[in-house]
Amino acid sequence: MSEPQNLRYPPLPPTQSGLRGRCPRCGQGKLFDGFLTTAKSCERCGLDFEFIDSGDGPAVFIILFVGFLVAAGVFAVEMTFMPPIWVHLLLWGPITLGLSLGFLRPLKGLMIAQQYCRSAGEGRLGE
């Protein structure tokens, strides 16, 4: 009799695998094929990534977090230096884009790893 798949892989903290974009079960295989496109399965342990459904969760958290940081930065720069509007556009546009893109992939990986760790799935009634 063979042992169950999950006994061969010790549980990994979602932060350890998710933020690095690695398989939530083994922590070795790549989670992503492209920038945000998830792979079909893990190349190392064979985990099928069909369960993945991060939805808009990562984007919502990033909008809130980056929006707070940028708004605080805009107010601080405005109150301290009072620059013209074009300076704000030149400064905060690239910062907003860079922070948003920089956080998107690690946060999506973290949410997928949390989903795997907690065996989260679509809600069902009457089962």
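**Figure 1. Serine 17 in helix α1.** Let us start with one residue: serine 17 sits in helix α1. In this predicted model, serine 17 has a relative accessible area of 1%, so it is buried. What is serine 17 in contact with, leaving aside its neighbours within four places in sequence? The answer is Leu12, Arg22, Cys23, Pro24, Gly27 and Ala113. One of these contacts, Ala113, is a good one to look for in the view.

**Figure 2. The whole chain and its helices.** Stepping back, you can count three helices in the chain and zero strands. Read from the N terminus, the order of the elements is α-α-α. Helix α1 covers 14-18, α2 covers 57-81 and α3 covers residues 85-117. The C-alpha atoms fill a box of roughly 75 × 35 × 20 Å along the principal axes. How does the radius of gyration of the chain stand against that of a compact globule of 127 residues? The chain has 19 Å, whereas such a globule would have a value near 14 Å.

**Figure 3. Alanine 39 in the loop between α1 and α2.** This close-up turns to a loop residue: alanine 39 belongs to the stretch between α1 and α2. Is alanine 39 buried or exposed? Its relative accessibility is 9%, and since buried means under 20%, alanine 39 counts as buried. Not counting residues up to four places away in sequence, alanine 39 touches Lys30, Leu31, Phe32, Asp33 and Phe49. Glutamate 50 is another residue to find here: it is eleven residues from alanine 39 in sequence, and the two are 9.3 Å apart in space, C-alpha to C-alpha.

**Figure 4. The aromatic pair of phenylalanine 51 and tyrosine 116.** How many aromatic pairs does a search of the whole structure find? There are two aromatic pairs. Phenylalanine 51 and tyrosine 116 make up a tilted one, with 5.7 Å from centre to centre and 45 degrees between the planes. Phenylalanine 51 comes from the loop between α1 and α2, while tyrosine 116 comes from helix α3, so the pair ties together parts that are 65 residues apart in sequence. Phenylalanine 51 has 26% relative accessibility and counts as partly exposed. Tyrosine 116 is partly exposed too, with a relative accessible area of 26%.

**Figure 5. The aromatic pair of phenylalanine 65 and phenylalanine 103.** Here the pair is edge-to-face: the planes are 80 degrees apart and the centres 5.4 Å apart. Which parts does this pair tie together? Phenylalanine 65 lies in helix α2 and phenylalanine 103 in helix α3, so the pair joins parts that are 38 residues apart in sequence. Phenylalanine 65 is partly exposed, at 42% relative accessibility. Phenylalanine 103 is also partly exposed, with a relative accessible area of 34%.

**Figure 6. Surface, contacts and charges of the chain.** This last view takes in the chain once more. The accessible surface comes to about 8,800 Å², and 63% of it belongs to carbon and sulfur atoms. Buried residues account for 29% of the 127 residues; serine 17 and alanine 39 are among them. Of the contacts between residues at least 6 apart in sequence, 49% join residues at least 24 apart. As for charge, the chain carries 11 positive and 10 negative charges, and their mean positions are 9 Å apart.

Methods: Residues are numbered from 1 along each chain as its sequence is written. This is a predicted model: local features need pLDDT of at least 70, side-chain atom pairs count only at pLDDT 80 or more; totals for chains, interfaces and linings use all residues. Side-chain values use heavy atoms; hydrogens and water are left out. Helices (H or I, at least four residues) and strands (E, at least two) are DSSP runs, numbered from the N terminus. The radius of gyration is taken over C-alpha atoms; the globule rule is 2.2 Å times the number of residues to the power 0.38. Buried means under 20% relative accessible area, exposed over 50%, partly exposed in between (1.4 Å probe, protein chains only). Contact means heavy atoms within 4.5 Å. Accessible areas come from the Shrake-Rupley method with a 1.4 Å probe; for residues, only the protein chains shown count as cover. Lys and Arg count as positive and Asp and Glu as negative; His and the chain ends are not counted. The place of a charge is taken as NZ of Lys, CZ of Arg, CG of Asp or CD of Glu. Rings of Phe, Tyr and Trp (its six-membered ring) pair if their centres lie within 6.5 Å; planes under 30 degrees apart count as stacked, over 60 as edge-to-face and the rest as tilted.
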